[in-house]
Amino acid sequence: MKEARFYTTLEDGVECRLCPHHCRIREGGRGLCRSRECQDGKLYALSYGRPCALAIDPVEKKPLYHFLPGTQCLSLSCTGCNLSCRWCQNSDISQVAPEEADNYRLSPEEVVDLCLRRGLPSIAYTYTEPLTWWEYLSDIAVLARGKGLKNILVSAGFVEKKPLQELLPLLDAANIDIKALDDGFYHRYCGAALAPVLENILEMKAAGVHVEITNLLVTSLNDSEQQVDALCRWMVDNGLQDVPLHLSRYFPRYKMSEPGPTPKATLLRARQTALDAGVKNVYLGNV
Ligand code: SF4
C-alpha cells in the first residue's frame, strides 16, 4: 500500500483526481476502481507492489504490430479498472478489489530485474486498467527506462491530464482502446466518457509515443458501418491515418451472454470501411 498521488482532502474524506470520475471517497471507502482507499484522511493505492498477473507475451498480443515486432514483453497487471464494460474479457481481475485476487509481492526493482533476467526488451502494463495503479506503474517505468527497457501502456485512456503528462516521458508505446466514437455508448455500456480518451490519444501522439488503437466491435452495439466510419474519420481528420487500427472480434463475456460473437463478415466489412476512410494500417483481431 502506498499513498496515492493526485488527490485533494475534503472535510469528510478525499477526492481522487487520477481519472475524470473524481471519486469523492469517505473515510474507509474506495473509489469506483476498487483499488484506491481513504484511510486517516489520506488516499492509498492498495495494489502497489501486488501484481495479480505476470506473463511473457509476444508484443503483437498487446496488440502492437508496429513496435519492436517479433519480440516478447513482460506483461504485468494489478487488479482495478475505472471502466465497467459489460463484456469485459478480464473481469476476474479488472472488476475486483486487490484482496479478491491472488497477488504476487514484487517491488518495482524486482519487476525490472525479472525482465532483465529473462532478456526481454519491454514491460507492458496491461490486462486491467494500468492507469488505476499509476504509482506502481510509474515507479517501475522510471527504473525500466534507466535500464534501457521500453515501457508499453495498454489502456482505455480514461485519465486526467496531469497524471498522463507525468507519465508521457516514460512511455515508449501505447495501445489505446476506443470503445466507440460515441459518448452515449461510453456512458451506457462502459461507465466512462469519450472526450478525455480522444484528447489523451492526441496528447500521446504529440509527445512522440508510438500509438496504436483498438476498437472492439460488439455485435449490434457498435459494429455498424456508420460507427466504424465515424471512428476512422476522426483518426484521419486528426492526422492519425498512419496509426495502426486493430478491429477486434467480440465474444460474450462477463455480463453479456448475448448477442453472439461478431460475425466475421462484419469484421471484414469494417476493415474495408476503415481503409475507404483513409486509415492505412487496419488489422483484424481475435479471428
Ligand atoms: S482512479 Fe479510481 S478512485 Fe480515482 S477517480 Fe478514478 S475511479 Fe475514482
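This passage describes how the two domains of a predicted model meet and how its nonpolar core is built. Residues are numbered from 1 along each chain as its sequence is written, and side-chain values use heavy atoms, with hydrogens and water left out. In this predicted model, local features need pLDDT of at least 70 and side-chain atom pairs count only at pLDDT 80 or more, whereas totals for chains, interfaces and linings use all residues.

The chain is divided into domain 1 (2-45) and domain 2 (53-285), with bounds from an automatic or database domain assignment. Their centres, taken over C-alpha atoms, are 25 Å apart. To the contact (heavy atoms within 4.5 Å), domain 1 contributes 18 residues and domain 2 contributes 24 residues. About 1,600 Å² is buried between the two domains, 54% of it from carbon and sulfur atoms; this buried area is the accessible area (1.4 Å probe) that two parts lose on being put together, summed over both. Of the area that domain 1 buries against domain 2, Phe6, Leu18 and Arg34 supply 34%, more than any other three residues.

Four salt bridges cross the interface of domain 1 and domain 2, each a side-chain nitrogen of Lys or Arg within 4 Å of a carboxyl oxygen of Asp or Glu.

Turning to the interior, the largest nonpolar core holds 83 residues, and Trp87, Ile213 and Leu245 touch the most other members. Such a core is a set of buried Ala, Val, Leu, Ile, Met, Phe, Trp, Tyr and Cys residues joined through side-chain atoms within 4.5 Å, where buried means under 20% relative accessible area (1.4 Å probe, protein chains only). This core draws at least three residues from each of domain 1 and domain 2.

Key:
Buried means under 20% relative accessible area, exposed over 50%, partly exposed in between (1.4 Å probe, protein chains only).
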